[in-house]
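Notebook open, coffee poured. Today I am looking up how one strand sits among its neighbours, and then the sheet around it.

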Amino acid sequence: MQFLDTINIALKLSTRIPFYFRSQKWSPKRLENYQDLMLQRLVRHAGKNVPYYRNLFKTIGFDTGTFMNRGDMKKIPILDKETLRTHQEEFIADNADKYGISWDTTSGTTGTPLKMIIDHSTRANYYAALLRSYNWAGYFFGKKSFGAKSYFFKTGKVHFKRLLNNYRLDSNKLNEKAGIEAIAFLNRVKPKFYHGYPFSLLTLAQFALNKGIAMHLPDSIIVYGETLSDRRRELLESIYGCKVFDFYSLHECSAMISDCNNNKKHFIEDFAFHEVVDNEDNVLDNGCEGQLIGTSFYNYGMPLLRYRIGDTVVMDDNPFQCKCGRPFRIVNKIIGRQNDYIETADGKLIGNVLEHTIDNANGVIMSQIVQDRMNHVYINVVIDDSFNDNSGAQIMKAFRKRVGDEMEIDIKVVTELEKTAAGKTQFLMSKLGHKYI
Ligand SMILES: [Zn+2]
């Protein structure tokens with residue numbers, strides 16, 4: 001990112017942080033009015049400046065001048081990842097430059113590669129909303145913290161980010177040796193707040209338990225990046241002796257869900273508009289389970305309206321009954337992806353963040369990584385005409401960066417992905433027969 005972009009985002013952030021700390025005190029009615037206004041502006045912008053929506057609205061005869069509030073959202077068809085993948089360029093606004101743009105890559109539940117423009121306003125809103133959620137978990141800017149996630153460092157040593165007072169361990173390099181060193185380091189510097197992938201933090205604790213080493217315990221933990229099962233939450237809370245908060249978001253910025261300090265999950269509804277639908281795309285009421293559909297309010301550079309995220313959520317019967325008093329609806333459960341882990345000969349376990357390694361390959365519709373031996377994996381890819389030798393080379397290069405040089409890797413072009421014995425299509429499948437937490 002360019003220096004000027006960083007300055008621009010920082011300036012926006014300085015106004016958005018106070019906004020998010022104010023809006024959490026709004027009444028549900030005031031929040032609803034805000035959402036309706038944001039949706040109206042966004043839909044009108046999309047109909048005017050975004051080629052995909054200009055064409056779509058013409059085809060379905062939808063006049064954005066008649067869009068008044070959320071009730072009109074159902075006139076817009078739900079957007080699937082495959083439509084976005086095959087029409088990416090058409091989603092970029094004609095005037096996208098005006099909003100400040102930078103490319104981001106991501107992939108969905110089944111590894112569908114996407115290129116996204118996340119504009120400056122979205123980045124600033126994302127960080128501000130995230131900082132507020134972290135604040136619910138006891139974090140404030142500058143608090144001494146430790147993070148265990150994919151940082152792409154060259155080694156498994158703990159790095160220090162001075163500006164954020166944050167110690168960092170690359171989860172891709174986490175094996176027993178790196179883990180024991182990191183624990184000794186954390187015992188010296190004593191961070192008060194931990195964040196990272198649930199599985200990485202559990203693995204770290206496991207190393208300490210195996211060696212009988214005492215661990216410094218933080219005041220609280222936020223986890224993200226993987227589905228937090230009840231079992232993992234219980235384990236983390238008992239081992240680290242503190243409360244664990246779950247934070248859910250995605251690169252497309254179409255949704256955000258966060259645990260509050262009263263043990264409830266909330267849709268972050270001043271950041272995005274969340275809908276839950278059944279299999280026929282009918283919007284469901286409170287208390288129902290269905291697919292999560294999200295619309296970011298702020299991404300004018302590349303707006304996605306009613307984006308099907310690929311995860312399922314269960315809404316609460318009484319959406320505003322949380323004692324924290326915030327105007328955001330309660331989510332009972334996120335039924336997200338479940339994956340196995342890829343194991344390397346030197347004892348690393350690598351989780352679903354590997355999805356990003358296939359992101360940049362042209363022509364990959366869906367993908368899946370299967371480990372059948374300790375030093376061998378194969379990558380199943382469902383492809384279209386634009387897949388070529390270079391796509392394969394891109395996948396290999398990015399994948400090797402994560403798993404190291406020892407692993408043998410094959411790419412298999414398939415017509416459909418493999419399923420587990422339980423009939424699930426997982427992005428990461430292990431046939432080694434090991435049990436993971
Ligand atoms: Zn709450």
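I began with β5, residues 166-170, and asked how many of its residues are buried. The count came back as 4 of 5, so I noted the strand as mostly covered, taking buried to mean 20 or more other C-beta atoms within 10 Å. A reminder to myself: this is a predicted model.

Next entry: the partners of β5. I looked up β3 (residues 145-149) and found 5 bridges joining it to β5, with the two strands running parallel. In this pairing, S145 stands opposite N166 of β5.

Then I turned to β4, residues 159-161. Does β4 run parallel or antiparallel to β5? I found antiparallel, with 3 bridges between them. Here K161 stands opposite N166. I also noted that β4 and β5 make a hairpin with 4 residues between them. In that turn, N165 has a positive phi of about 55 degrees.

Zooming out, I traced the sheet: it is open, has 12 strands and mixed pairing, and its order is β4-β5-β3-β6-β7-β8-β9-β10-β14-β13-β12-β11. Why do β4 and β11 (272-277) each have one side without a neighbour in the sheet? They stand at the edges with a single partner strand each, so that side is left free of a neighbour. For the twist, I wrote down 35 degrees as the average turn between neighbouring strands of this sheet, direction ignored.

Last lookup, further along the order: β10 (residues 265-267) and β14 (residues 330-335) run antiparallel and are joined by 2 bridges. I found K265 opposite V331 of β14.

Definitions and conventions:
Residues are numbered from 1 along each chain as its sequence is written. This is a predicted model: local features need pLDDT of at least 70, side-chain atom pairs count only at pLDDT 80 or more; totals for chains, interfaces and linings use all residues. A residue is buried if 20 or more other C-beta atoms lie within 10 Å of its own, exposed if 12 or fewer, and partly exposed in between; C-beta atoms are placed from the backbone. Two strands pair if DSSP finds at least two bridges between them. Axes are lines fitted to C-alpha atoms, for helices over the stretch in contact, and angles run from 0 to 180 degrees between N-to-C directions.
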